[in-house]
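Please walk through a few individual positions in this structure, looking at backbone angle, surroundings and exposure.

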Amino acid sequence: MYYPNWVRADSPGNWERSFTIDFTVRIGAPAGPSWDGPRPTVEGTTIYANGAPLIIDGDSKTSTTIYLDADRDGVLDPDVDPSLNALGITGAPEDGANLSSSAWSVYGGRHNDDLDGDTRITLLGGYVGNLYGGGHADIYGATADVTGSTTIQAAGGEVWGIYGGGVASAEATANIGGTTSISIGGSAKAGEVYGGGNAARSGGSAHVTGTAAVTVTGGQVTSFLYGGGWTSQGTATVGTTDVRISGGTVKNVYGGGLASNPGAISTVTGGASLRISGSATVSGNVYGGGYVYGGTAPAGTSSSVSVSGSVKIGGEGKGIVLNTKPDADTPVTNGVDTFALGVLTTGASVFTVLPDGAAAGDVIATNAISGDVPRLHLTGPGAADKIAYFENGAIKMRTKGAALLYSISGMVNHQTTNANIAGTVRLIQNGAVLQEQPFSLSEGYSFTGVKPGIYNIVAVMAGGSGEPAELTNTMLVTVKDRNLTNVNLHWWDGGVNSEVQIQPNTPPVAVGGLEEIAAGYDYPSPADFGVVRLTVQAVDDPADKGDIGNLAGGRTLAYWDLSLSFLYTDGVKIDLGDSNLVVLELVLPYDFTNKRDVTVYRKHGAQAAALTALPGAPDTPEDGTFWADTAGGYLHVYASKFSTYAVGYTPVSPSGGGGGGGGSNTATSTTTNADGSTTTTVTNRVTGAVTETTKAPGGTKTVVETKKDGSQTETVTTPDGGKTETATTAQGDKTYTEQRPDGTQIRADIPKTGDAAATVHLPGNAAAPVAVSFPVNDGTVVLRLLPDGTEEPVAYSLVEAGRVYVRLDGDAKLRVETRAGLFTDMDGHWAAESADFTGARELFQGTAPQIFTPERSMTRAMFATVLHRLDGTPDAGAVPFTDVEAGSWCAGGVAWAAENGIASGTGGGLFRGDRAITRQELAVMLWNYAQYDGLDVDPGENTNMLSFTDIDRAGEWAMPALQWACGAGILQGGADGTLNPIGTATRAQVAAILERFVTAAVK
């Protein structure tokens, strides 16, 4: 086989083009264990499985072994599954090798050659740079297609990038004829995941014909998850995408792919489906489509997301991104077309990003229940004046302060078939007719603009031959969170009516259930028309007053008489108070202000009794019960027996006060702020003290007390139990205390002039360094007091905009000091502040007393030493390189860097510490150090490495590190659009880079 290949010449920063002609002839059995299937090949730091199933495992990031999965079960069995090294594969890494510093890549397919069949890669441990389910085509016109399907399973270990498809890095093809499947679970950690392939050059194609499926059940995806592929210049389409996340943590999710340059195409030809459930966490955004820097990445026919379980999605400014309407001024087209909810359980929190143009009444999510509303949070440019509400199985948005309005509709029926019968339907609340509408038997009725509440609907029509002159039918309805349809009223055989009669000076009672009595009343003959009537009358001195009063035990009582009867058209009245079996619901408007122990009583027959209080609305009402809806202002009484009733309560003395009022010594006022918070200001007229209490919508409470002498105390409490207090004297000295929910305690004394001092106590269960902050007046660096009384600077510290930020790994006593003007040759230099920053933290030392020499090149040994200082100069083992002398000035730093996977040699047992470090080498070492120190290495959502015109000069082994460094703003390109990855870095440039790195770490 004849193919070009990039091989490393003398270091990771120097590469040269070579050509390889493979004339290998194997005679007899291969060395090591036998294997009759396809044989993997190794080219530099790239492994091609050629269709052989592989397992990757290791004890740590610096110890990785590649195995052949001989029984294709994805389970490592050392007796069955030999390592590539044991198989005698030329160029295979040693077992337990450190593959992290050179970013090894593994392909399931072939290099510039097609594979007829499926591929399978399993990651159980260790570390590799990238995993590709398909092959790699990097010669003009070459093909590295896989006719079958690809499977990548990650249950442990760490990998930067996972691609279900292949890579076309030339005008060539690396397509997948079947489907791709990626699954991530357990303790696996991935940087970026793509269900499709990678078309890295113009004219290249990395298609997936079938479905690209990505499943996450655990582990982490620290940057992006794309259902589709990635293309920088070519095309990388997939048929459909199916993303399912039921556990673990993912940063950002896209149903489509990534198109990172003009002309690039990453299309989902079918639809994109995303399902997020269980205990999954998506800390960033969820898009239905793809992401575009300049190309196209549509999600095909549609994009949908369904959410259920105890999921946590997004936060302020991020979450499930909804598409805009077609005519939006600022269109969003890569968001979600449809958003459906399953059952959200305790702990769920789902943020939804509303775009510009989001309007009241728009549907946010379907398939919802009312309990989902408090778990759904609105954010984004369209959410400024919106809140969510539930209606008819959907969550919608409305303008804050606007009333929720619904509709009630139905038909009115009569025993007759006469279609000409018509009448009037009335909507009644608290005795007032709110709406009135004519009806006919063919058209029915409809009330619109109805607020949530309790209503009686009353239909009235003229009676027919032999019927009462006017027929009336009464029904109780409750409007909560949806439109009501099919609210039908019916006059039953014989023209039996139902009506409520409220006597003068009686509270307006709404009644439900009368229509059931009317429907079931057993009247003597069809000719005996009449009406079922409930009469309600307030009385001051009923006959049963004494019995109820004795039972109520001194409570304040209000009485009413209830009677249920049937009235024939001839005037005969039948009392139904004893014989009725239907339980009616009586809804009485009631003011609960300054009342407690509200109870309902009745005297029926010879016995007076208190009704049984219920905690809420019952599923099946029972006679002799009631519940007090204190929030709505109603008493709901359930009864089938009617006589004398009373409502009793115990008075409570009013507490006094109120907005705009106050006692004689204080004045109180309350205002609502633009952000929805409220501020209550209390002014003490005697002392002159002013206390402002601000309550934010999220539950944070801020109390600021300002005394007459100018001293002030500010106390902030948060819903999670956190509390800070800042006390400022009249002279300007401050004391700051903070108590965090995790047990972290901070106390700082900040004089108006002079050095601030602080004491920090971290909880005993802190598993990683903790970032703390407190206010300060001045200073540039934080010093830590050591047990022997000396002080040392804290490398991870920042003083900015009146606050100190410091990263600590244990309890500490701190002092903030000003150290500036450390180097005389930096006056007026652009990096003067960065030189002082690194010098004050003793990361850099001068090349001579007070001399920085900013334009001198930074060497590999220097940078290893600087990172060693940043880590506190821990002890290390022997130096593993022959050109670094034991005991030399850089030996400790180089040994530490090699031991912890932060730096590697250049080959041949050499480190070449005196060679100037390239920018890409610097990025890799800093990236490795960030991971070693437990820092976030997410490259950021808008990191477009291909926007640098010289990015093709960067080594593939350096791309993850460069992407992180540029995305985090630590490494910056030039004004001419270049990154200069193989250029060297000066001491001034490295000082600026380290200042940005420390700033990002502590903030």
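E842 sits in the loop that runs between helix 3 (832-840) and helix 4 (860-870). The model is a predicted one, and the values below are computed from it. In that loop, E842 has a phi near 60°, which is positive although the residue is not a glycine. Most residues other than glycine have a negative phi. E842 has a relative accessible area of 46%. Because this value lies between the cut-offs of 20% and 50%, E842 counts as partly exposed.

A second positive phi is found at N112, where the angle is near 55°, again in a residue other than glycine. N112 also belongs to a loop, here the one between strand 7 (105-107) and strand 8 (119-123). The relative accessible area of N112 is 15%. Since buried means under 20%, N112 is classed as buried.

The last position is in a strand. S498 is part of strand 44, which covers residues 497-502. Is S498 buried or exposed? With a relative accessible area of 1%, S498 is buried. Its surroundings can be listed: leaving aside residues up to four places away in sequence, S498 touches T472, N473 and T474, then L514, E515 and A518, and also V531 and V532. One of these neighbours, N473, also takes part in a polar contact, with its side chain joined to that of S498 at 3.1 Å. The buried S498 therefore has a side-chain polar partner in N473.

Terms used:
Residues are numbered from 1 along each chain as its sequence is written. This is a predicted model: local features need pLDDT of at least 70, side-chain atom pairs count only at pLDDT 80 or more; totals for chains, interfaces and linings use all residues. Side-chain values use heavy atoms; hydrogens and water are left out. Helices (H or I, at least four residues) and strands (E, at least two) are DSSP runs, numbered from the N terminus. Buried means under 20% relative accessible area, exposed over 50%, partly exposed in between (1.4 Å probe, protein chains only). A polar contact is a pair of N or O atoms within 3.5 Å; within protein, one must be able to donate a hydrogen and the other to accept it, and residues adjacent in sequence count only if both atoms are side-chain atoms. Contact means heavy atoms within 4.5 Å.
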